[in-house]
Amino acid sequence: MTATLTTGATSPAPLTELARDESALRRFLHGLPGVDQVGAEGRAAGLATRSIKTTSKAWAIDTAIRMVDLTTLEGADTAGKVRSLCAKAMRPDPADPSVPAVAAVCVYPDLVATAVQALRGSGVQIASVATAFPSGRASLPTKLVDVAEAVAAGASEIDMVIDRGAFLAGHYGEVFAEIVAVKQACGNAHLKVILETGELVTLDNVRRASWLALLAGGDFIKTSTGKVSPAATPPVALVMLQAVRDFAARTGQVRGVKLAGGIRTAKEAVRYLVMINEVAGERWLHPQTFRFGASSLLNDLLLQRHKLSTGAYDGPDYVTVD
Amino acid sequence: MPTKPAAAKTKPAGKKTAESDRVAVRKTYKLYIGGAFPRSESGRSYPVSSPDGRLLAHAAQASRKDLREAVVAARKAFGGWSRATAYNRGQILYRIAEMMEGRREQFAAEVAAADGAAIGPALAEVDAAIDRWVWYAGWTDKWAQIAGGSNPVAGPYFNFSLPEPAGVVGVIAPQDSALLAFVSVVAPALATGNSVVVVAAADKPLPAVSLSEAMATSDLPGGVLNLLTGSVSELAPWLASHRDVNCLDLTGVAPPERVALAEAAADNVKRVYAPSPADLAQGFTGEPGTARLAAFTETKTVWHPMGV
Amino acid sequence: MSKLFEYAPAPESPSIARLKPHYGIFVDGTFRAGRGEAVKTVNPATEEPLAEVAEASAADVDDAVAAARAASEPWAGLPGSVRAKYLFRIARAIQERARELAVLESLDNGKPIRESRDVDVPTAAAHFFYYAGWADKLGYAGFGPNPRPIGVAGQVIPWNFPLLMAAWKIAPALATGNTVVLKPAETTPLTAITLAEIIAECDLPPGVVNVLPGGPAVGQAIVDHPGVDKIAFTGSTAVGKMIQKSVAASGKRLSLELGGKAANIVFDDAALDQAVEGIVNGIFFNQGHVCCAGSRLLVQESIHDEFVAALHDRLATLRLGDPLDKNTDIGAINSAAQLARIRELADSGVAEGADRWSPECALPERGFWFPPTVFTGVSPATRIAREEIFGPVLSVLTFRTPGEAIEKANNTPYGLSAGIWTEKGSRILWMANRLRAGVVWANTFNRFDPTSPFGGYKESGFGREGGRHGLEAYLAH
């Protein structure tokens, strides 16, 4: 069975009845196998004991850099801040051109135009959050306008938030319909669906929300807005990677995973690559199917890269602030 | 202003004065709250003297606000401490014993000064205190096997009872013993997973402060034990009436004074532990028994059907 | 396995084990050469000799028993709190030398360093720590107000968890006031002898613990010795039966922890991903050299194909190789003899009509290796469904109803452990109630804790190790 990476994905044919009928959707989601929390945490902890050294570590660090969505989502963001972030995204280490560029820059919709200009011709994508990020508490029309403006300004990727209130209240159909509408408003931009796993709390909910987002057409499922703690954690990542793996096995479609929030060190990033490797598989070891949403992570990756090449421990003076 | 005797102030009777003229760095004895060592928010302190009138040091005189902060710290720490594995609690309590052993001579000097005793009996008391602490450290992962178990109910149900820590335990430590009695009232509450706010012996508080220092260097999370030094008659009513304290240990309060405190404790139905003078007559040597472990334990019983 | 992300070798250094060229026996507080054969103990991953061990002779056994006897009354006469302090010391010392012991264990036994580091050594330390705390609380243990020890305990342990088995035996025996003569397995003496070093450094009175490396003859000499009051044996059912027969007339107390053929039962409503992990852990942890291994998968027929496919996918990510590589999941088989037994039984599986599968697995040239293997289409009336293989071989059978699962799970002379995988609580308890096994794991497997009693029903032995119950075997009736 060949799996195809799809953008502009829609619900796979055999599962489309679920889109029409909330009770069928509920039965499907609640019929998915449960997740034993202790067992999932144990598996995640076991994967974290892998020891990644020398050549495999160098590969992992560079791959992780390529997977970073370099992010700034602060009320105080300005054009100046975004421009310097974009410069770093294209050339993370001015002293070393061998360091690869990151996958994307991630900003608020009103700063997309600035990012587009700064990144022109570079190959780095422009991701915009939208849909009343981070809370998602606004009317659907408002959210769709938010998306449309970001897309019109030139965003190639949209990171939306699901309505967690609706999900926790069991209104799966509502959550589903919103994702479908946003996907439509994205046009050619690819859609990441933020589940805000810290608010969903249980791994069973993470599994159900993941499947719901994939069935509704999300190109990526994403853990968090980064504004709520806990954000990305190994057991959550495990369940989400299993979801895209199982979805691909069932439908042939390869969707992506983005981990965002709380990933600050190269060590954590490498652990997640190990998890992808052993849980989902090689197809997800690419920026097209996996991302880290992060800001300070990039500098720690650079510091570890320096250490590998020079043999000595490095310090913060040797990497740039944005 | 107390006059300072001519001899070096903090050297206890019986210890040879060093011949050198070295000026000692004197320790400041503070409260232990939330893992930190603050002075009293009231700024007060009081002199602590040996029985023969020698000034030993000034200790912090805790206020009701310090007590309030201590209870907040204890409540904050309770979740983590009670949810830690029994093994982990045992390891930490044993580590405290290791730290105590390392300070054996220091403790003995402080106990001897507090009691006006010779160093030999003081060392014996310190050794007994350390050994008692080790005895309690070994209970953490066994208490559930004694105090809990499955109950053979008459129906297709699995039923089991589990001992759980009650919460924040307020303790008035015995007033006539500097260390051994203090250990005896504090260790069992900690071993069963409770967090503690303890008022030390007013006239002999210094070894308890040193014990807090040992705790602070042994991975005990801040707030699991909080130490207040000062006037028991000032502090005890606030502890007894505090609604976020779950249990009250009145061992250090003489029976006539206990009544008012026990009445105040009724306001939030505290579990009150008040051993009789007969119980206390043997002192704190010999095997402690399990009454103090049970005193601060709640029992939870769970039912679950057995069926396909 | 992915070619995109290869893991570079991450080897632990063997020098951390501080191997010596010679190891002796430990009798009456001192180390000396045993008067038996000098045997080379071998690294099963490479077949290289690690060290020479001068094994015990019958005369050495006499000396050890005499030393244990002489030490017995003084040791029992000490206050429990004093015995406790020695045991606490030993626990802390094991923690301090944890890395050295883990590397030594992997070198001598062949198990992955990750397991010796994360399971064997910490659990051994925890066992001493737990039983230390019982030494001065025996009156509360439910065996009367003043329970007495038995006397001199002769203890024979297997090669699958050398240090941990030594801890399981020595800690409760000493806590209760007994003295010990312990024989580690012939192929894995080194960590037991190093534990003796630790014990000596802790200033344990001479004679309280004696360690005699040697083969079956030494074990027999200990079992038969009139100066030994109690025997504790962990090993195969066949040898356990011989020991039970040997001591039948002697009046010696006996506890046995023998073999198993545990059923790991997966229902259609299990948390499937975690159940796959549990099955894999159940049979491939420690290369399947575990008495309580989940060596029979009983999977509900309705999910058989899906589950076996998921199992195959998961097994493809297991890494077999150098036990000292921190990324190794499956280490070496402990000896040529054991490897031969596993091969013979696996071949019988094919001969009796089951379907054999292993993931692609490059086996190193030297050393004793067997790839993780899964047999499907296994009928209950076959050797691979009935006999303990003690290797990384899983036999898959099916069931339709809970009652049938119980029947099949219990249909064995063994009764050590069982696993249940379902999200339904009441079914877990119903099944647990009916399984004839001393340890039931629900939604988990191979979990060990010093507070948790371990031991079998039927031919898996009798007596429990761990927990309050673990004291009983070492207390006079």
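**Exercise 1.** In this predicted model, determine which elements of chain A the buried residues of H14(A) pack against, and check the length of the helix.

*Solution.* Begin with the packing partners: the buried residues of H14(A) pack against helix H4 (54-66), strand S2 (68-71), helix H5 (79-90), helix H13 (266-280) and strand S10 (290-294) of chain A. The residues concerned are A:Leu297, A:Leu298, A:Asp300, A:Leu301, A:Leu302, A:Leu303, A:Arg305 and A:His306. Turning to the length, helix H14 of chain A comprises 15 residues (296-310), which at 1.5 Å a residue should span 21 Å, and its end C-alpha atoms, 22 Å apart, agree with this. Just after H14(A), A:Gly311 takes a positive phi of about 85 degrees.

**Exercise 2.** Identify the salt bridges that A:Asp159 forms with A:Lys192 and with A:Lys222, and decide whether A:Asp159 is buried or exposed.

*Solution.* Take A:Lys192 as the starting point: its side chain meets that of A:Asp159 in a salt bridge with an N to O distance of 3.0 Å. This pair links distant parts of the chain, since A:Asp159 belongs to strand S5 (residues 157-161) and A:Lys192 to strand S6 (residues 190-194) of chain A, 33 residues apart. Next, A:Lys222 forms a salt bridge with A:Asp159, the closest N and O atoms being 2.7 Å apart; because A:Lys222 lies in strand S7 (residues 220-222) and A:Asp159 in strand S5 of chain A, the pair ties together parts 63 residues apart in sequence. Finally, apply the cut-off of under 20% relative accessible area for buried residues: A:Asp159, at 0%, counts as buried, and A:Lys222, at 3%, is buried as well.

Methods
Residues numbered from 1 in each chain as written. Chains lettered and ligands numbered in written order. Predicted model: local features only at pLDDT ≥ 70, side-chain atom pairs only at ≥ 80, totals over all residues. Heavy atoms only, no water. Helix = DSSP H or I, 4+ residues; strand = E, 2+ residues; numbered from the N terminus. Expected span 1.5 Å × (residues − 1). Buried < 20%, exposed > 50% of the residue type's maximum accessible area, 1.4 Å probe, protein only. Contact = heavy atoms within 4.5 Å. Salt bridge = Lys/Arg side-chain N within 4 Å of Asp/Glu carboxyl O.
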